[in-house]
Amino acid sequence: MILVTGGAGYIGSHTVKALRARGEDVLVADDLSEGHEAALLGAPLAKGDLKDMDYVRSLFEGRKVEGVIHFAASCYVGVSMTRPGFYYRQNVQALLNLLEAMRDAGTKTIVFSSSCATYGVPDEIPITEECPQNPINVYGTTKLVGEWMLRDFGRAHGIRSISLRYFNAAGADPDGELGEDHDPETHLIPLVLQAALGKREKISIFGDDYPTPDGTCIRDYIHIVDLAQAHLLALDAMREGKETAHAYNLGNGEGYSVAQVVETARKVTGRPIPAEVAPRRPGDPPRLVGSSARIEKELGYKARFPRLEEILETAWQWHKAHPDGYGDRETKGEA
Ligand code: UFG
């Protein structure tokens, strides 16, 4: 059995779907504070909070957990700066509990959601795994600490891990069953598409005076289905006993500016998307573009949806069909 923490969240749910599609036995651990029950598509759920060690231990009791994919985390960069304690508990304490429970249960394999946020402001583009990791926000620091914990538990207890450092996850399940639904929504692509739907009056472009060709920030958007697939490859490589690296980047090696995303979304949706320039958002590096060369070479990763148009197209289908996301706002508690 594969234990997927945060399996009701955006990246987790797409990965759970991919695992079950190939016949894996999956158990999702999620507190549903940010994830959605409907996103499980019927996958079994053990609801609980990973900060609770008794709950974490219970996940391993009476089951043979062969491997873990650990998505559960809080991921708002802005909040992480004002509530560092909360972020350390959510992202570091939870992983520590999980690793100790794995150690005691004899589970030796884990795939970890790390982030390009661990690099901070990079010295060179595209970013490779060898670039120095100097996070500039608390969220990125908690992910870097997670990578270190995995390394140390690997050395001491033989737990094998792969950290996947994602760039900007975007897009939606091409079957239309799953998509992006955060509350509050802060990510560029869903906000742009909500503006296309008329659910928002306009989109704010955070800064047009960055040292980039059009002055807006550049990011590397990667399709959620490609990200999900990369988790399966990482799991398989460890199961097969392949030699693997400690971490792999996951980006498309192609950067798009905020202005380009808005413009491409206008084309894809055929709708006007009013945009206005607003002040810079603190903590935004001007340009983040990642090289996925290592995972391509070592694990055979290949993006199915590398083009921004396709990423936007699948996201647009989801937003059009689900203007209120999973529609569970009323029943969800405070995140
Ligand atoms: N942006 C706008 N207007 C908006 C929202 C975003 O201009 O209304 C801009 C941002 O300033 C940024 C770009 O669009 O330049 C992308 O912003 P997102 O919030 O979509 O994504 P981020 O690049 O900030 O965040 C992503 C992940 C985080 C991760 C971070 C690392 O979502 O989890 O990369 O930098 F920590």
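# Worked exercises on a parallel sheet and its helices

Strand β11 has both faces covered: A247 and N249 on one side, and Y248 and L250 on the other, are all buried. Here buried stands for under 20% relative accessible area, exposed for over 50% and partly exposed for anything in between, with a 1.4 Å probe and protein chains only. Helices (H or I, at least four residues) and strands (E, at least two) are DSSP runs numbered from the N terminus.

This is a predicted model, in which local features need pLDDT of at least 70 and side-chain atom pairs count only at pLDDT 80 or more, while totals for chains, interfaces and linings use all residues. Residues are numbered from 1 along each chain as its sequence is written, and side-chain values use heavy atoms, leaving out hydrogens and water.

**Exercise 1. Work out the strand order of the open sheet, and find which strands stand at the edges.**

Step 1: Start from the pairing rule, by which two strands pair if DSSP finds at least two bridges between them.

Step 2: Collect some pairs. β1 (residues 2-5) joins β2 (residues 26-30) in the parallel sense over 4 bridges, and T5 has A29 as its bridge partner in β2. β1 is also parallel to β4, again over 4 bridges, with V4 opposite I69. From β4, 3 bridges in the parallel sense lead to β5, where I110 stands opposite V68. β6 and β11 run parallel and are joined by 4 bridges; L164 faces Y248 there.

Step 3: Put the chain of partners together. The 7 strands of the open sheet are ordered β3-β2-β1-β4-β5-β6-β11, with parallel pairing. β3 (45-47) and β11 (247-250) each have a single partner strand, so they stand at the edges and one side of each lacks a neighbour in the sheet. From one strand to the next, the twist averages 20 degrees.

Step 4: Look at β4 as well. Both of its faces are covered, with G67 and I69 buried on one side and V68 and H70 buried on the other.

**Exercise 2. Is helix α1 largely enclosed or left open by the rest of the structure, and what covers its buried residues?**

Step 1: Place the helix. α1 (residues 10-21) packs on the sheet, touching β1, β2, β4 (67-70) and β6 (160-166); contact means heavy atoms within 4.5 Å. Its direction makes about 170 degrees with that of β2, where axes are lines fitted to C-alpha atoms, for helices over the stretch in contact, and angles between N-to-C directions run from 0 to 180 degrees.

Step 2: Count the buried residues. They are 9 of the 12 in α1, so the helix is largely enclosed by the rest of the structure. Among them are Y10, H14 and L19.

Step 3: Name the cover. It includes β1, β2, β4, β6, β7 (168-170) and α7 (224-239).

Step 4: Check the length. The expected span is 1.5 Å times one less than the number of residues. For the 12 residues of α1 that gives 16 Å, which agrees with the 17 Å between its end C-alpha atoms.

**Exercise 3. Classify two helix pairs by their crossing angles: α6 with α10, and α4 with α5.**

Step 1: Recall the description. Two packed helices are described by the angle between their axes and the distance between the axes. Angles under 35 degrees count as roughly parallel, over 145 as roughly antiparallel, 65 to 115 as roughly perpendicular and the rest as oblique.

Step 2: Take α6 (residues 188-196) and α10 (residues 308-321), which pack at about 55 degrees with axes 10 Å apart. They are therefore oblique to each other. The residues that meet include L193 of α6 and W316 of α10.

Step 3: Take α4 (residues 84-105) and α5, whose axes come within 10 Å and cross at roughly 15 degrees. These two are therefore roughly parallel. Among the residues that meet are Y88 in α4 and F153 in α5.

**Exercise 4. Which peptide bonds to P126 and P184 deserve a look, and where are these prolines found?**

Step 1: Keep the background in mind: most residues other than glycine have a negative phi, and most peptide bonds are trans.

Step 2: Check omega. The bond from I125 to P126 is cis, with omega near -5 degrees, and a cis bond with omega about 0 degrees joins D183 and P184.

Step 3: Locate them. P126 belongs to the loop between β5 and α5, and P184 to the loop between β7 and α6.
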